[in-house]
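Got your viewer open? Load the model, switch to cartoon, and keep the selection box handy, and we'll walk through it stop by stop.

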Amino acid sequence: MGRMAVDPIVQLTHDGSMISPAPAPLLQLHAADTVGCLPQSLPAGATVTHEGKVWQLEGALGLGHKIALTRMETGEKIIKFGVAIGSATQQIEAGEHVHLHNLCSDYLPTFTLEDGGRYGG
């Protein structure tokens with residue numbers, strides 16, 4: 001008999017019914033941070049929380065991905081570790097995933113697989 005894969009986020013009762021998992025707390029690494037980090041990989045639809053606010057993820061995200069803790073306007077600095085890591089390239093709502101689609105590094109060109117493995121500017 002093969003091993004069954006177990007999703008650590010899904011919990012079942014003794015009768016096999018699913019228990020809704022508690023929201024995962026976001027990690028705010030510095031008091032000035034405008035993004036929180038996921039403490040674990042989470043599936044689409046999972047909920048995350050920070051200081052009493054709860055948001056639902058639109059898509060699956062991996063460990064360490066960033067979630068906006070506040071609304072950010074285009075051009076606003078995104079703060080992680082207490083320092084600016086880049087700027088918002090579009091308006092970002094609180095609870096939204098922050099990544100290459102809405103963040104631009106202010107210091108290094110962005111590296112993507114789509115551009116043939118080259119740094120672009």
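One term before we set off: a polar contact here is a pair of N or O atoms within 3.5 Å, where within protein one must be able to donate a hydrogen and the other to accept it. Put that to use straight away by selecting Gln28, whose side chain has a polar atom 3.3 Å from the backbone oxygen of Ala31. The side chain of Gln28 also reaches the backbone oxygen of Asp33, at 3.2 Å. Keep in mind throughout that this is a predicted model.

**Stop 1: around Gln28**

Stay on Gln28 and look at its setting. Gln28 is found in the loop between β3 and β4 (35-37). Is Gln28 buried or exposed? Neither, quite: Gln28 is partly exposed, since its relative accessible area is 27%, and that falls between the 20% and 50% limits. Now show what surrounds it. Leaving out residues up to four places away in sequence, Gln28 touches Asp33, His50, Glu51 and Leu69. Pick out His50 from that group: the C-alpha atoms of Gln28 and His50 are separated by 8.4 Å, with the two residues 22 apart along the chain.

**Stop 2: the sheet with β5**

His50 takes us to β5, so select residues 47-50. What order do the strands take in this open sheet? The order is β3-β5-β6, 3 strands with mixed pairing. At the edges stand β3 (24-25) and β6 (53-56), each with a single partner strand, so one side of each has no neighbour in the sheet.

Take the β3 side of β5 to begin with. β3 and β5 run parallel and are joined by 2 bridges. Colour the facing residues in pairs: Ala24 stands opposite Val48, and Pro25 stands opposite Thr49.

Now swing over to β6. Here the pairing with β5 is antiparallel, over 4 bridges. His50 has Lys53 in β6 as its bridge partner. Follow the backbone round from β5 into β6 and you trace a hairpin with 2 residues between the strands. Glu51 sits in that turn, with a positive phi of about 45°.

Before leaving, turn on the side chains of β5. In a regular strand, side chains alternate between the two faces of the sheet. On β5, Val48 and His50 make up the covered face, while Thr47 and Thr49 are on the uncovered one.

**Stop 3: the Arg71 network**

Next, select Arg71, Glu73 and Glu93, which are linked in a network of salt bridges. Side chains of opposite charge can pair when their charged atoms come close. How many salt bridges are there? The count comes to 2. Arg71 and Glu73 meet at 3.1 Å, N to O, and Arg71 and Glu93 meet at 3.8 Å, N to O. The pair of Arg71 and Glu93 links distant parts of the chain, 22 residues apart: Arg71 is in the loop between β7 (66-68) and β8, and Glu93 is in the loop between β9 and β10 (97-98).

Switch on a surface to see how these residues sit. Arg71 is partly exposed, at 46% relative accessibility. Glu73 is partly exposed as well, at 38%, and Glu93 is partly exposed at 35%.

**Stop 4: His97**

Move along to His97, in strand β10. His97 counts as buried because its relative accessibility is 19%, and buried means under 20%. Its side chain makes a polar contact with the side chain of His65, at 2.8 Å. Show the other neighbours too: not counting residues up to four places away in sequence, His97 touches Leu61, His65, Lys66, Ile67 and Asn102.

**Stop 5: a nonpolar patch**

Keep the surface on and select Leu27, Leu29, Phe81 and Val83, which make a nonpolar surface patch of about 380 Å². Centre on Phe81, in the loop between β8 (77-80) and β9 (83-88). Phe81 is exposed, with a relative accessible area of 52%.

**Last stop: zoom out**

Clear the selections and take in the whole chain. You'll find 11 strands and 0 helices. The accessible surface comes to about 7900 Å², and 59% of it belongs to carbon and sulfur atoms. Of the 121 residues in the chain, 28% are buried. Among contacts between residues at least 6 apart in sequence, 39% join residues at least 24 apart.

Technical notes:
Residues numbered from 1 in each chain as written. Predicted model: local features only at pLDDT ≥ 70, side-chain atom pairs only at ≥ 80, totals over all residues. Heavy atoms only, no water. Patch = residues over 30% accessible without salt bridge, like charges linked within 9 Å, V, L, I, M, F, W, Y side chains within 5 Å. Areas by Shrake-Rupley, 256 points an atom, 1.4 Å probe, with all protein chains shown as cover. Salt bridge = Lys/Arg side-chain N within 4 Å of Asp/Glu carboxyl O. Buried < 20%, exposed > 50% of the residue type's maximum accessible area, 1.4 Å probe, protein only. Pairing = 2+ DSSP bridges. Contact = heavy atoms within 4.5 Å.
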